[in-house]
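This report covers the relation between the chains, their contact, the domains and the nonpolar core. The sequence and structure come first.

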2 protein chains.
Amino acid sequence: MAPVEAAIGAAIDELKRLLGARATDAAAVLEQHSHDESYHPPAAPDVVCFPHTTEEVSAIVRVSASRHVPVIPFGAGTSLEGHVNAIHGGITIDLREMNRVLRVGAEDMDATVEAGVTRLQLNKALRSTGLTFTVDPGADSSLGGMAATRASGTTAVRYGTMRENVLGLTVVLPDGRIIKTGTRARKSSSGYDLTRLFVGSEGTLGVITEVTVRLHPLPEAVSAAVCSFDSMKGAIDTVIATIQHGVPVARMELLDETQMDAVNRYSKTSYAVAPTLFFEFHSDSRAHIADQAQTVQALAAERSGRDFQWATRLEDREKLWRARHDTLYASLALRPGSRAQITDVCVPISHLAECILETKQDNLGAPFPISLVGHAGDGNFHLLYLLNVESPAELEAARQLNERLVMRALRMGGTCSGEHGVGTGKMKYLEAEHGSALELMRTLKRALDPDNRMNPGKMLVVD
Amino acid sequence: MAPVEAAIGAAIDELKRLLGARATDAAAVLEQHSHDESYHPPAAPDVVCFPHTTEEVSAIVRVSASRHVPVIPFGAGTSLEGHVNAIHGGITIDLREMNRVLRVGAEDMDATVEAGVTRLQLNKALRSTGLTFTVDPGADSSLGGMAATRASGTTAVRYGTMRENVLGLTVVLPDGRIIKTGTRARKSSSGYDLTRLFVGSEGTLGVITEVTVRLHPLPEAVSAAVCSFDSMKGAIDTVIATIQHGVPVARMELLDETQMDAVNRYSKTSYAVAPTLFFEFHSDSRAHIADQAQTVQALAAERSGRDFQWATRLEDREKLWRARHDTLYASLALRPGSRAQITDVCVPISHLAECILETKQDNLGAPFPISLVGHAGDGNFHLLYLLNVESPAELEAARQLNERLVMRALRMGGTCSGEHGVGTGKMKYLEAEHGSALELMRTLKRALDPDNRMNPGKMLVVD
């Protein structure tokens, strides 16, 4: 038996003694934990643990430390860049049984949850409070996972990303020590910002076991609108003008003509097959909602917007936004049997039109359909490459298109990842994006995790 | 000559060769750089440099590295916890001649400035753009200094602190390397959040030379209001209710009866000598402004609020807010010849009333007047201890009162510093606030600055 295997065998024995049936190397469980929702190749861990407390996570990480075995934190498994794939084997810590809402602070508008609580679960628990957790990445992700990938989604333009909405964390460090970061105060100038260091660290510096998040009041008034445009540029100029006018729009989503065509076919709607913006307006005041919609309608009309449709009743709003929510399934239906590879660049919005138009030009002649949906107010957009994943030629074409897209975004002052994180999928772009700052990231990784045991092979190559 | 003195002498010679007259050990200049605006004992550096470029800062830091001499970054000198006092001597880098606004991105609503640009200077440069930089700590601080101390102020309740408003930085690392953190994209999930690591690091990890900040549209409509309350609890309950109702109040400042008495005497006004809230409302819509004020007036009336005065005209608003702006001078006038020691705890707002009331009880019998002004929406309040700084007994009484205040805030889940930073003044409270997380901060400091040359003796004790 090789030394590595012996170490893993000993670790598995120790974990089984510690957790009983909550540590398992059953093949089916290992397989379930070998992948996220992306196209990245699966890789199974050697053992999966289901801790119930931070102290148990600490004990598991101490086994990892003494046996020199990797640790991979696992939330809801909804990530998109291979974050949870156990590419070097090791111990996967599945946090889904740590799913208690520990505390809701109605007056402070915050909540502390265990890392395995999902966003829909939290919002269900908040039902009677008049408060809501706003970060909405689409999937029903765990809050630990969302913190670890610095997730955001459709509402970031108004309410911010996990960066702005995490107030504090409980983290198990690579040597098993437990720390709490941040306080329950809304702001602080006391010491280094450890919370923000772990938000977006993708499990490479420690395991997040509890998250304190900011909540927001449910808006008194909500309305929605949809508007199609003669040109992509007109749509994006409307986005810029809306933000510059200080309209506190809650959601502002961009769909391209391919995506709208897919939506029409899938949802039996009859929207114009044209660049389209979906808006949602929130306010503490009903009059203000009407004001917002009128302002945006006028701004759109001056920028080639047509057929501005406004909806205030819940069912009308839901019908209108269904098109946006169905984008993934509608796109997949464009090519039955396909899987979607999803890109994620984010650029300064002054470059968004240029970036999208150049990209669409570059996409002409791609051997698969490509649809676009974007969080336009943030400058973040996703292309859905609808691939036959059995075709090496398509995978290679997708790789090349995405690489050119990333380099284009970086040239424009943007980032390779607006909200999906780095994982294994985008490691190759970090040098181009961060330059000499990447070496400082490596210094941090080495200082906190000198053995490179925490989610190794993700985000950073450490020598 | 002792080895340390020889090293410093050699460093001074080298810096003078590098910068000519912009490196000086003239006594008057050293004295000017020995202190900030606080009561902390002054300590002069050995030499002061006035670089004009990031590359010059890098060259200065390389001299510090080769000669093992401390570096102290100096902005506008407006800090309050001894951040710039050269307690171990060394090289002060005065960044005030790096004061160019490098770029204003009107469409992206961001700007990149050299670290020595002050907030008023930036807002002057923005005059024709319809945009504004919102972080307002009162003093005309430099943006580098504000980033380094994670500053905030009266508008944080709506627009956030420097944590939320810094998008990226240029930093000279302790070995002289230059890095850029962040991108110009509004959000990113790519890599560790180096920007937030340096925001609030108080010069202990590197020297910030450029700052990219977020701008906000000037509001279409602004109004102000003032309201006095029968009780402190009524005032704070109004603050909580206002936030919970989702009223996007732009400023919400609390003054206690001592402070209001001081204001009346100083500004010849006739406000009720009672706990008082000052509000400012911003909106993209005039109707919404009226809605906000009406909502808050109703909430206040139910919570012992009286004499709600509302002002929309610029001169009326300015007159009304003058009282808030004059708090420091009004307080000092309560005791001619005194200096103010300013506390800075921040607690969850659910504990704000309790914290203030217990503190006021504890303050009874203090040998000096104490006034209170608070950023109530954030849970952050300042006591002004109006001291005879020649009296050791008063200084000791102030120390004890502040220590009990800090411990009270920490018990309530708060922080010792809402916005002024740690400096030398609050180092003693970091263990109590951060527990085992403090050791992780030390690990970061050692990893980035192994010689402990960057603003040594501030924030953290490193062995």
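## Symmetry

In this predicted model, a turn of 180 degrees with a shift of 0.0 Å along the axis lays chain A on chain B, with an RMSD of 0.0 Å. The two chains are therefore related by a two-fold axis. The same surface serves both copies, as 100% of the contact residues of chain A recur in chain B.

Which residue of chain A comes closest to the rotation axis? It is A:His288, whose C-alpha lies at 2.7 Å.

## Contact between the chains

Chain A and chain B each give 80 residues to the contact. On the side of chain A that touches chain B, the elements giving two or more residues include strand S9 (178-181), helix H9 (232-244), helix H11 (286-301) and helix H17 (437-448) of chain A. H17(A) gives the most, with seven residues.

By class, this side of chain A has 29 nonpolar, 32 polar and 19 charged residues.

## Domains

Chain A is divided into four parts: domain 1 (3-94), domain 2 (101-217), domain 3 (221-328) and domain 4 (337-423). The centres of domain 1 of chain A and domain 3 of chain A, taken over C-alpha atoms, are separated by 44 Å.

## Nonpolar core

In soluble globular proteins, nonpolar side chains tend to be buried together. Here the largest nonpolar core has 273 residues, and A:Ala147 and B:Ala147 have the most contacts inside it.

Leaving out residues up to four places away in sequence, A:Ala147 touches A:Met162, A:Val166, A:Leu169, A:Val199, A:Ile208 and A:Val211.

Technical notes
Residues are numbered from 1 along each chain as its sequence is written. Chains are lettered from A and ligands numbered from 1 in the order in which they are written. This is a predicted model: local features need pLDDT of at least 70, side-chain atom pairs count only at pLDDT 80 or more; totals for chains, interfaces and linings use all residues. Domain bounds come from an automatic or database domain assignment. Two residues are in contact if their C-beta atoms, placed from the backbone, lie within 7 Å. Helices (H or I, at least four residues) and strands (E, at least two) are DSSP runs, numbered from the N terminus. Ala, Val, Leu, Ile, Met, Phe, Trp, Tyr, Cys and Pro count as nonpolar, Asp, Glu, Lys and Arg as charged, and the others, Gly among them, as polar. A nonpolar core is a set of buried Ala, Val, Leu, Ile, Met, Phe, Trp, Tyr and Cys residues joined through C-beta atoms within 7 Å. A residue is buried if 20 or more other C-beta atoms lie within 10 Å of its own, exposed if 12 or fewer, and partly exposed in between; C-beta atoms are placed from the backbone. Copies are superposed by least squares on the C-alpha atoms of residues with pLDDT of at least 70 in both.
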